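Student: Please pick one part of this structure and go through it closely with me. I would like to follow it from its own residues out to whatever it packs against.

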Amino acid sequence: MSILRDGKLHLYGTVGAYLWDFEFFTSAEVIDALAEHGPGDVDVLVSSGGGDSAEGITISNAFKLHDGRVTVKVIGEAFSAASILAMGADEVVILATAEMMVHEPATMIAGTALDMESAIQRLKGRTTSMAKAYSQKTGRTEAQVRADMAAETWMTADEAVSLGYADRVEPG
């Protein structure tokens with residue numbers, strides 16, 4: 001099923017494709033859907049528990065590059081990688097009963113000590129990239145959003161707005 005329906009993008013399930021998931025969306029699908037939509041304003045409905053942070057960053061950047069205003073509407077949850085993709089929107093609207101969560105990226109690794117050290121460096125880089133995106137959206141410092149990430153911050157709609165991760169609450 002296409003994620004572009006009735007002129008809106010519908011992003012439900014896991015961010016990125018995993019073998020064990022039946023409901024997911026990828027950055028390639030989002031980019032294709034934006035191209036099919038063409039220039040102009042677009043609403044993006046999101047309910048996702050997260051997934052691959054690289055996919056979330058790519059989608060966030062695709063929103064920033066779209067020729068038109070992008071409004072993300074969190075209709076259920078925007079956790080983890082789903083919260084990062086929302087940061088690329090011109091406006092983030094969260095329904096009153098929806099939630100958002102930010103945290104540091106994680107990975108699974110097997111291998112040698114050098115493999116582990118390399119993975120640590122990649123995670124530090126990804127954390128920096130995510131903190132930049134959150135900081136740009138919220139207007140808060142990178143240190144402040146890194147503290148939110150380190151604490152694994154779960155937010156109600158009102159809390160997401162008060163911290164700057166969302167712009168406004170709509171009834172839900």
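Tutor: Let's take a close look at helix 1 and its partner, then set another helix pair beside them.

A word on the source comes before the details. This is a predicted model, where local features need pLDDT of at least 70 and side-chain atom pairs count only at pLDDT 80 or more, while totals for chains, interfaces and linings use all residues. Residues are numbered from 1 along each chain as its sequence is written, and side-chain values use heavy atoms, with hydrogens and water left out.

Helix 1 covers residues 27-37 and packs with helix 2, residues 53-65, at an angle of about 15°, the two axes being 9 Å apart. Helices here are DSSP runs (H or I, at least four residues), as are strands (E, at least two), and both are numbered from the N terminus. The axes are lines fitted to C-alpha atoms, for helices over the stretch in contact, and the angles run from 0 to 180 degrees between N-to-C directions. That angle makes helix 1 roughly parallel to helix 2; the label applies under 35 degrees, with over 145 counted as roughly antiparallel, 65 to 115 as roughly perpendicular and the rest as oblique. The crossing of helix 1 with helix 2 is right-handed, the term for a near helix turned clockwise from the far one by less than a right angle (anticlockwise would be left-handed).

Which residues meet there? From helix 1 come Ser 27, Val 30, Ile 31 and Leu 34, and from helix 2 come Glu 55, Thr 58, Ile 59, Ala 62 and Phe 63. Contact means heavy atoms within 4.5 Å. By type, the residues of this contact are six nonpolar, two polar and one charged. The classes are simple: Ala, Val, Leu, Ile, Met, Phe, Trp, Tyr, Cys and Pro are nonpolar, Asp, Glu, Lys and Arg are charged, and the others, Gly among them, are polar.

Now turn helix 1 around its axis. Ser 27, Val 30, Ala 33 and Leu 34 are its buried residues. They lie on the same side of helix 1, because they cover an arc of only 125° around the axis, an arc taken from the directions that run from the helix axis to the C-beta atoms. Facing away from that side are the exposed residues Asp 32, Ala 35 and Glu 36. Buried means under 20% relative accessible area, exposed over 50%, and partly exposed in between (1.4 Å probe, protein chains only). The buried residues of helix 1 pack against helix 2 and four strands: strand 1 (4-5), strand 2 (8-15), strand 3 (24-25) and strand 4 (42-51).

Leu 34, in helix 1, is a good residue to zoom in on. Its relative accessible area is 7%, so Leu 34 is buried. Beyond its neighbours within four places in sequence, Leu 34 is in contact with Leu 9, Val 42, Ala 62, Phe 63 and His 66. His 66 is 32 residues from Leu 34 along the chain, yet their C-alpha atoms are separated by 7.3 Å. Just after helix 1, Gly 38 takes a positive phi of about 80°.

On helix 2, Ser 60 deserves a glance. Ser 60 is buried, with a relative accessible area of 3%, and its contacts beyond four places in sequence are Ile 84, Leu 85, Met 87 and Gly 88.

Helix 4 (residues 113-138) and helix 5 (residues 142-150) make the second pair, packing at about 115° with their axes 8 Å apart. They are therefore roughly perpendicular to each other, and their crossing is right-handed. The residues of their contact are five nonpolar, four polar and three charged. In helix 5, the buried residues are Val 145, Asp 148 and Met 149; they cover an arc of only 100° around the axis, which puts them on the same side of helix 5. Ala 143 and Ala 150 are exposed on the other side. The buried residues of helix 5 pack against strand 7 (99-102), helix 4 and strand 8 (153-156).

After helix 5 comes Glu 152, with a positive phi of about 50° although it is not a glycine. Glu 152 sits in the loop between helix 5 and strand 8 and is partly exposed, at 39% relative accessible area.
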